[in-house]
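Subject: Structure for you to look at

Hello,

Here is the structure I promised. Please open it and keep it beside you while you read my notes below.

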Amino acid sequence: MNAFVSLAYRKFFAGGVCRTNVQLPGKVVVITGANTGIGKETARELARRGKSFHFRVHRAVPPAFLTGGARVYIACRDVLKGESAASEIRADTKNSQVLVRKLDLSDTRSIRAFAEGFLAEEKQLHILINNAGVMMCPYSKTADGFETHLGVNHLGHFLLTYLLLERLKESAPARVVNLSSVVHHAGKIRFHDLQSEKHYSRGFAYCHSKLANVLFTRELAKRLQGTGVTTYAVHPGIVRSELVRHSFLLCLLWRLFSHFLKSAREGAQTSLHCALAEGLEPLSGKYFSDCKRTWVSPSARNNKTAERLWNVSCELLGIQWE
């Protein structure tokens, strides 16, 4: 009986499951931060998709794609850890097309170098998953002078998406998945102190950046209408991962309540749903949790804030994105 109750609890806290059987032969995927945690499990599942050979082969599909599934790029700062993850995934999925490329989202030079290399290497991009992130870091700034949470979680992915967008459009239908969090409900976009120089809270800095992710998704969807590229924001759930490493208290709580937290594989399900599920196009710009659309905070529904954040982000990054 105890085992049954325990199993029922685990099933409840595991949350939604991506149930689509969509296969990805010939598709190209980029996942940031996929050397560990949710991103790694997302990469594993996407690499596994494509073993079905019941599909029509387009003339433009390279011959290499006919022997496997999706080509999955693990874009991460720690290349050695990325290679270890890729090796594990290749062995597990029998997909040799799991590749690692260096990407440091705290440095716009690294982001541009990654994008330049990727665009020279690949003529298509079907799925971009902006998964990487930092949480509750002590106050610090990125190489470009941005507060770290804002710079990595929002501006880094904003710039990466901008640099890869034309390739996504050329490969349409294509999708952009942005990992956010339920804590966006506690976030605010403080335009008067965007870099948190006047006041800094490690917890709220993370919340603010997660709100920025939702607003970015909302505005991006509006600007992508009619292009064949759609975008979705995701709350993965409360997951056992390395993300809490900067907080001793959260590390302790995560250990104490680990039975009630999602595994990385369970946390990846909503990302997979938004990347793969058929018929999601009308819900572009929306926010998902447990593989279904859910509510966002009033601040996350503010179109004026979303547009202003977009314009300010472009100014900070020195780009023009109409």
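Start with strand 1 (residues 28-32) and strand 4 (residues 127-130), which pair in the parallel sense over 3 bridges. Strands here are DSSP E runs of at least two residues, helices are H or I runs of at least four, and both are numbered from the N terminus. Two strands pair if DSSP finds at least two bridges between them. Val30 has Leu128 in strand 4 as its bridge partner.

Helix 5 (residues 148-170) packs on the sheet. This helix touches strand 1, strand 4, strand 5 (174-179) and strand 6 (229-235). Its direction makes about 175° with that of strand 4. Angles run from 0 to 180 degrees between N-to-C directions, with axes fitted to C-alpha atoms, for helices over the stretch in contact. Contact means heavy atoms within 4.5 Å.

The model is predicted: local features need pLDDT of at least 70, side-chain atom pairs need 80 or more, and totals for chains, interfaces and linings use all residues. Residues are numbered from 1 along each chain as its sequence is written, and side-chain values use heavy atoms, without hydrogens and water.

Now the whole sheet. It is open, with 8 strands in the order 3-2-1-4-5-6-7-8 and mixed pairing. Strand 3 (98-102) and strand 8 (292-293) stand at the edges with a single partner strand each, so one side of each has no neighbour in the sheet.

Helix 6 (residues 202-223) lies across strand 5, strand 6 and strand 7 (287-289), at about 160° to strand 6.

Overall, the chain has 10 helices and 8 strands.

Best wishes
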